Amino acid sequence: MDHAHDAGTGSGLDFGIFFFAAVGDEAADTYRTLLDGARSADELGFAFVSTPERHFHRFGGAFPNPAVTSAAVAAVTENVQIRAGSVVTPLHHPARVVEDFAVVDSMSGGRAAISIGSGWNVNDFVLAKDAYETRKQRVTEDVAAIRRAWREGTWTGENPRGVEVTLDLYPRPVQKDLPIWLTASRSEATFRQAGRLGTNVLTHLENQDLGALRENVHAYREEFAAHGVGGRGKVTVMMHTYVAPTTEEAREVTVPWLKRYLLTALDLETRAVSSGGSMSGGRSGNPLMAEENGRRRVAELGVNRYLAGSSLIGSVEECVDVAAKVRDAGADEVACLVDFVADHERMLAGLPCLNEVRRRVAAG
């Protein structure tokens, strides 16, 4: 396996834009924000633009297929890498994943990339109900299958007549290999799995602090060194982001939106648990989640946690300091989740200040 194309350099910290559409009321507004934000990110020099796969809920439900949104981003940008994070591969046939993102790669001149996740929401698996119990094992198999099919351009399988056929995959992509991330929450085992597979890692600070991140990154690097071929892998940390000239302005803008975002996420998790599933990231249930006032309390605690250093919400100076700590914990990139502020003009207005953070961190 050749991983030279997606290996981290071990120095600096890159920044990209992560869209999630957690609380948008109108799909048209969501997509306008996505495309305008992608254009701005491209012009400002950010490293990537990422969109997720979400289903059956207004928490991200404007993004049921990241290949479609990635193609839209490809049409309005020239330089940024175009990522999908995460593609829930147990819901899909690997050959279709290769076909879809080969289109994105061809449209963009070789800028496609994906993060692969096993999925957690039991309700999403109405799309592939037999895949739920084996979803974690499937991810390992899918990484290998997608890599092979992307590089070789063929898929071998049995057709409805019981005949094994080898089929050509089209279109052929620009890149020899598709850059792949593995999505990890807080489990050291998942970080180690990514190292063994030789993928990059997409993670976040929702279920881990910087100390835990540092330990997980160390475990990942160990496995990568033992099993990878060159390089050291790349660790990307998703962080909720809104940068303003002053801390007061940043908090005035974001706190109402952040509360709404968290309440929407908690509603999704409550529905998943009530359907026999678990919470995201494998977290255990919180008794406060059982009723609305309790969920509001959990959301308020979440806001306080984000504002205490688990996000890039604040002034340029504050966010430079937090980003430096994330870099020192071993991260190579920050994926800045910006559209939890579901105000088109406000979100766009924050990008130049975020770009100043990017510049200052790059300057050391």
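**Two helix pairs and a strand residue**

In this predicted model, a good place to begin is the meeting of two helices, where Pro 66, Ala 67, Ser 70, Ala 71 and Ala 74 in α2 are in contact with Asp 100, Phe 101, Val 104, Met 107 and Ser 108 in α3. Sorted by class, the residues of this contact comprise 7 nonpolar, 2 polar and 1 charged. Helix α2 covers residues 66–76 and helix α3 covers residues 94–108, and their axes come within 9 Å of each other while crossing at roughly 5°. Because angles under 35 degrees count as roughly parallel, this crossing makes α2 roughly parallel to α3.

A second pair of helices can be followed in the same way. The axes of helix α9, which spans residues 316–328, and helix α10, which spans residues 344–362, come within 9 Å and cross at roughly 50°. That angle makes α9 oblique to α10, and the crossing in which α9 passes α10 is right-handed. On the α9 side the contact is formed by Val 316, Glu 317, Cys 319, Val 320, Ala 323 and Arg 327, which meet Cys 353, Glu 356, Val 357, Arg 360 and Val 361 in α10. When the residues of this contact are divided by class, 7 are nonpolar, none is polar and 4 are charged.

From the helices we can turn to a single residue in a strand. Thr 156 belongs to strand β5, which runs over residues 154–158. Is Thr 156 buried or exposed, or does it fall in between? Its relative accessibility is 42%, and since buried means under 20% and exposed means over 50%, Thr 156 counts as partly exposed. If its neighbours within four places in sequence are set aside, Thr 156 is in contact with Glu 164, Val 165 and Thr 166. Leu 167 stands 11 residues from Thr 156 along the chain, and the C-alpha atoms of these two residues are separated by 6.2 Å.

With these details in mind, the reader can step back to the whole protein, which contains 10 helices and 11 strands. Of its 364 residues, 55% are buried, and the accessible surface of the protein comes to about 15600 Å², with 50% of that surface belonging to carbon and sulfur atoms. Finally, if one considers the contacts between residues at least 6 apart in sequence, 75% of them join residues that are at least 24 apart.

Terms used. Residues are numbered from 1 along each chain as its sequence is written. This is a predicted model: local features need pLDDT of at least 70, side-chain atom pairs count only at pLDDT 80 or more; totals for chains, interfaces and linings use all residues. Side-chain values use heavy atoms; hydrogens and water are left out. Helices (H or I, at least four residues) and strands (E, at least two) are DSSP runs, numbered from the N terminus. Buried means under 20% relative accessible area, exposed over 50%, partly exposed in between (1.4 Å probe, protein chains only). Contact means heavy atoms within 4.5 Å. Accessible areas come from the Shrake-Rupley method with a 1.4 Å probe; for residues, only the protein chains shown count as cover. Axes are lines fitted to C-alpha atoms, for helices over the stretch in contact, and angles run from 0 to 180 degrees between N-to-C directions. Angles under 35 degrees count as roughly parallel, over 145 as roughly antiparallel, 65 to 115 as roughly perpendicular and the rest as oblique. A crossing is left-handed if the near helix is turned anticlockwise from the far one by less than a right angle, and right-handed if clockwise. Ala, Val, Leu, Ile, Met, Phe, Trp, Tyr, Cys and Pro count as nonpolar, Asp, Glu, Lys and Arg as charged, and the others, Gly among them, as polar.
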